[in-house]
Amino acid sequence: MTHLRAALCMAAVLSAGIVPAATVAADNDSIRVTVDAGKPGATIDRHIFGQFAEHLGRGIYEGVWVGPDSRIPNTRGIRNDVVAALKAIKVPNIRWPGGCFADEYHWRNGIGERGKRPATLNPNWGGVIEPNTFGTHEYFDFLDQVGADAYLSINVGSGTAAESADWLEYLTTPQPTALQQQRAANGHPEPYRVPILGLGNETWGCGGSMTPEYYTDQLKVYARYARNYNTRQAMRRIAVGPDGSHTDYTEAVMAAWKNKTWAWDIEGISLHFYTVVKFPPTFKSVDFDENDYATLLKETRRMYDLLKTHGDIMDKYDPEKKVLLSVDEWGVWLAKTPGTPDGFLEQQNSQRDAVIAALNINAFARHADRVRIANIAQMVNVLQAMIFTRDEKLLLTPTYHVFKMYVPFQDAAFLPVQLEAGTYKHGDIEVPRVDAIAAKGKDGRVWVALTNLDPHRAATVNVQVPGVKATRVRGETLAAPKFNSVNTFEAPETVKPKAVNAKASAVTLAPASVTVVSFE
Ligand code: AHR
């Protein structure tokens with residue numbers, strides 16, 4: 001870590017109201033958490049709990065789409081069990097159709113009578129046939145069933161501005177144009193709502209290897225012509241932004257935005273950062289040791305450096321924070337599960353990954369004034385998934401449970417927390433022992449999320465909210481027999497939340513656990 005990065009990291013931690021791990025002795029077993037309910041900060045946008053569903057492996061086909069004739073219970077071809085599970089975590093938006101897939105996707109292949117759609121290829125992900133059975137109308141039907149917003153990613157890499165402009169007109173115009181009539185003939189006369197539009201994906205990589213200068217020129221064209229005609233729905237346009245710690249796209253896109261003309265605009269830029277250490281991914285998703293556990297927790301905390309680094313650049317051009325940061329790909333990317341096809345990105349999901357999910361969400365919440373969209377990669381059967389499916393069976397992962405426990409944080413007001421974090425050490429690795437965020441929920445309650453990173457020591461936490469008369473806390477805790485425990489189809493409830501009903505002065509956090517409570 002350079003001195004600069006260390007300084008940035010320290011500043012991020014201090015501004016979040018947390019005592020940096022390195023400065024706190026706290027090897028004690030009682031940790032004090034003080035919530036300042038009198039100083040509500042930015043709203044934690046529910047869209048930071050977004051999902052990402054790419055045409056990749058078994059993410060869409062099998063994971064979402066089984067077809068109307070399937071023996072698996074479905075509504076118009078979409079799995080009922082998956083919809084029910086996603087509704088329960090109040091998914092705010094689903095980013096689709098990719099990822100790298102989006103920049104090779106031609107939307108016209110995915111409309112019209114299903115049996116007559118062309119078979120195409122998916123060169124990014126295993127080179128398999130893409131049947132185009134799940135296309136525009138199926139995606140919007142799925143969103144309706146889940147109750148989520150669209151986050152559509154248009155093809156800047158291999159498409160044209162005309163193709164994207166047509167897709168947006170097809171989707172959003174209420175007027176009787178030829179494209180509207182085609183939409184009506186395909187079953188949807190009313191315009192669709194497209195609240196979030198991604199203007200390309202990773203154009204610095206799989207989306208066309210464009211220099212920042214070339215991309216910003218493209219951006220101006222697409223931001224102008226990919227128009228939203230649905231006056232009942234504002235559309236936020238998200239430009240491609242940084243790849244991890246690289247700042248060239250952040251500088252170029254924000255400088256272009258600062259000098260924008262009447263002819264184009266954007267409302268956000270994206271950041272992609274995976275907990276992976278290096279590509280190709282080698283960390284195992286099962287039977288891993290403490291070294292892996294600690295290394296990936298430390299790597300996850302790099303998210304703070306990135307939010308600070310890119311946030312500072314954005315502040316330089318946009319001190320009023322009009323342009324949002326959309327962390328629209330995040331999560332732990334591990335070695336593929338042995339025996340699964342190359343390019344399908346299937347991995348198990350452990351208690352460690354639940355801890356990683358909580359740490360990332362906490363980072364976004366601490367930057368709620370800038371980070372207003374985020375999408376975990378990915379939703380079903382791919383990478384750090386919420387859900388695994390096998391034929392008619394569905395399995396909820398530890399990460400799913402974290403998303404469910406954090407529902408009260410959706411659109412809640414961030415509250416500063418003073419925390420004696422302590423330190424968890426493993427070899428040369430040091431991270432805070434405990435992490436905590438708090439918020440005032442839409443239900444009027446103060447909610448606290450507590451993560452114990454230490455895989456050996458339980459922690460007793462004394463939660464205080466000066467001015468709030470409360471003696472008890474209630475909520476749920478997600479703990480597991482081991483930090484590498486997983487749920488399987490044979491043992492689906494090894495990791496599942498348990499009720500917490502404790503004195504506010506004595507909330508016990510099991511080793512490597514996530515707890516969310518509110519005050520009684
Ligand atoms: O999530 C898998 C892939 O990771 C996405 O398609 C791409 O955008 C990123 O590199």
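Me: How much space lies in the second largest cavity?
Reply: The model is predicted, with pLDDT of at least 70 required for local features and 80 or more for side-chain atom pairs, while totals for chains, interfaces and linings use all residues. Residues are numbered from 1 along each chain as its sequence is written, and side-chain values use heavy atoms, without hydrogens or water. A cavity is a set of points, on a 1 Å grid over the protein atoms alone, where a 1.4 Å probe fits but cannot get out; points are joined across faces, edges and corners, and volume is the space filled by probe spheres set on them. For the second largest cavity this space is about 30 Å³.

Me: Which residues line the second largest cavity?
Reply: Lining residues have an atom within 4 Å of a grid point. By class, this lining has 3 nonpolar, 3 polar and 1 charged residues (nonpolar: Ala, Val, Leu, Ile, Met, Phe, Trp, Tyr, Cys and Pro; charged: Asp, Glu, Lys and Arg; polar: the others, Gly among them). The residues are Tyr105, His106, Trp107, Asn155, Glu163, Ser164 and Trp167.

Me: Which strands each supply at least two residues of the lining of the largest cavity?
Reply: The largest cavity holds about 50 Å³ of space, and its lining has 4 nonpolar, 5 polar and 3 charged residues. Among the lining residues are Arg95, Tyr151, Ser153, Asn201, Glu202, Ile238 and Ala239. Strands are DSSP runs of E with at least two residues, and helices are runs of H or I with at least four, numbered from the N terminus. The strands in question are strand 9 (149-154) and strand 11 (236-239).

Me: In which pocket does the ligand sit?
Reply: A pocket is an open set of grid points with protein on both sides within 12 Å along at least five of seven lines, and a molecule sits in one if more than half of its atoms lie within 2 Å of its grid points. The pocket that meets this rule for the ligand is the second largest pocket.

Me: Which strand gives the most to the lining of the second largest pocket?
Reply: This pocket has a volume of about 440 Å³, and its lining has 14 nonpolar, 8 polar and 7 charged residues. Of its 29 lining residues, Glu202, Trp204, Asp243, Tyr274 and Phe279 lie nearest the centre. The leading contribution, 3 residues, comes from strand 12 (residues 268-275).

Me: What share of the area that the ligand exposes when taken alone does the protein bury?
Reply: Residues near the ligand (a heavy atom within 4 Å) include Phe52, Glu54, Trp125, Asn201, Glu202 and Trp333, and the shell has 6 nonpolar, 3 polar and 3 charged residues. Polar contacts (N or O pairs within 3.5 Å) link ligand oxygen atoms to side-chain atoms of Glu54 at 2.7 Å, Asn201 at 3.0 Å and Glu202 at 2.7 Å. Alone, the ligand exposes 280 Å² (Shrake-Rupley method, 1.4 Å probe), and the buried share is 93%.

Me: Which residue follows Phe279 through a cis peptide bond?
Reply: Most peptide bonds are trans. The bond from Trp96 to Pro97 is cis, with omega near 5 degrees, and Pro97 lies in the loop between strand 6 (93-96) and strand 7 (120-122). The bond after Phe279 has omega of about -5 degrees and leads to Pro280.

Me: What is the phi of Arg76?
Reply: Arg76 lies in the loop between strand 4 (74-75) and strand 5 (78-79). Although Arg76 is not a glycine, its phi is positive, at about 50 degrees.

Definitions and conventions:
Polar contact = N/O pair within 3.5 Å; in protein donor to acceptor, adjacent residues only side chain to side chain.
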